[in-house]
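Here is a short tour to read alongside the model on your screen. Have the sequence and the 3D view open, and we will go from one residue outwards.

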Amino acid sequence: GDIIITEVMQNPSVNGDPAGEYFEVYNTTGSAIDMIGWVIKDDLSTSETHTISSTLIVAAGDYVVIGNEAVPNGNTPMDYTYGNDISLGNGTDGIIIECSSTTIDVLIWDNGATFPDPSGASMELSTTALDAVSNDNGANWGEATTAFGDGDLGTPGAANDFTLSNNQFDVNTFKIYPNPNNTGVLTIL
């Protein structure tokens, strides 16, 4: 869970498949992580695998974007490209990230049953769910709303648009009784 997948453009409109495809990872730790030698692979297809062959530093609390082409969608640069080694399926598919045969993160999305299934917009993990357990749950993902490059929607390399509710509830008055309490039962109104 030190590196987690936070955004996936699996069905771009502007550059189309696979040229406009990308995914974004986030470093959840307080230290930089170099992903050189790490493996990206498809969850089912053994032929879709790529080993990161050059330095790819993910700064602490920061994002990097990994994509099919170096500058898809209006010259939005990728931090690393895997060429045609990986294909991000528009329906159900998944990405596995490994380091020294240890799984770092897995993201398997579906065809819209629980995960978003946008066209021309990325799927984004909520900014309130940035951990390896939360990113497995489709309810924590939404569709991007910010245009970038030539017009697809997403936030490659930046904090996502999508956030789950984080409402604050302010209570001006409340009562607690009995006060003091030694019964083990406390009532709050």
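A good place to begin is Gln10: beyond its neighbours within four places in sequence, Gln10 is in contact with Asp17, Glu21, Leu88, Gly89, Asn90, Trp109, Pro116, Asp117, Pro118 and Met123. Please keep in mind that this is a predicted model. From Gln10 we move to strand 1, then to the sheet and the nonpolar cores.

**Gln10 and its setting**
- You will find Gln10 in the loop that lies between strand 1 and strand 2.
- Is Gln10 buried or exposed? Gln10 counts as buried because its relative accessible area is 0%, and the cut-off for buried is under 20%.

**Strand 1 and its partners**
- Seven of the seven residues of strand 1 are buried, so the rest of the structure largely encloses this strand.
- Strand 1 pairs with strand 2 in the antiparallel sense, over six bridges.
- Along this pairing, look for Met9, which stands opposite Tyr22 in strand 2.
- Strand 1 also runs antiparallel to strand 11, and two bridges join them.
- Here Glu7 is the residue to pick out, standing opposite Glu124 in strand 11.

**The open sheet**
- In which order do the six strands of the open sheet come? The order is 8-7-2-1-11-12, and the pairing is mixed.
- Strand 8 (80-81) and strand 12 (141-143) are the edge strands, each pairing on one side only.
- Strand 7 and strand 8 supply a parallel pairing, over two bridges.
- Gly67 stands opposite Thr81 in strand 8.
- As a reminder, strands of a sheet pair through backbone hydrogen bonds, either parallel or antiparallel.

**The nonpolar cores**
- The largest nonpolar core holds 31 residues, and Phe23, Val25, Met35, Ile66 and Ile97 have the most contacts inside it.
- Two or more residues of this core come from each of strand 1 (3-9), strand 2 (22-27), strand 7 (63-67), strand 9 (93-99), strand 10 (102-109) and strand 11 (123-125).
- Strand 1 gives the most to this core, with four residues.
- Val25 makes a handy landmark: leaving aside neighbours within four places in sequence, Val25 is in contact with Ile3, Ile4, Ile5, Thr6, Met35, Val58, Asp62, Tyr63, Val64, Ile66 and Ile97.
- Apart from the largest core lies another core of five residues, among them Met9, Tyr22, Val65 and Phe148.
- Met9 and Tyr22 may look familiar, as they stand opposite each other in the pairing described above.

Key
Residues are numbered from 1 along each chain as its sequence is written. This is a predicted model: local features need pLDDT of at least 70, side-chain atom pairs count only at pLDDT 80 or more; totals for chains, interfaces and linings use all residues. Side-chain values use heavy atoms; hydrogens and water are left out. A nonpolar core is a set of buried Ala, Val, Leu, Ile, Met, Phe, Trp, Tyr and Cys residues joined through side-chain atoms within 4.5 Å. Buried means under 20% relative accessible area, exposed over 50%, partly exposed in between (1.4 Å probe, protein chains only). Contact means heavy atoms within 4.5 Å. Two strands pair if DSSP finds at least two bridges between them.
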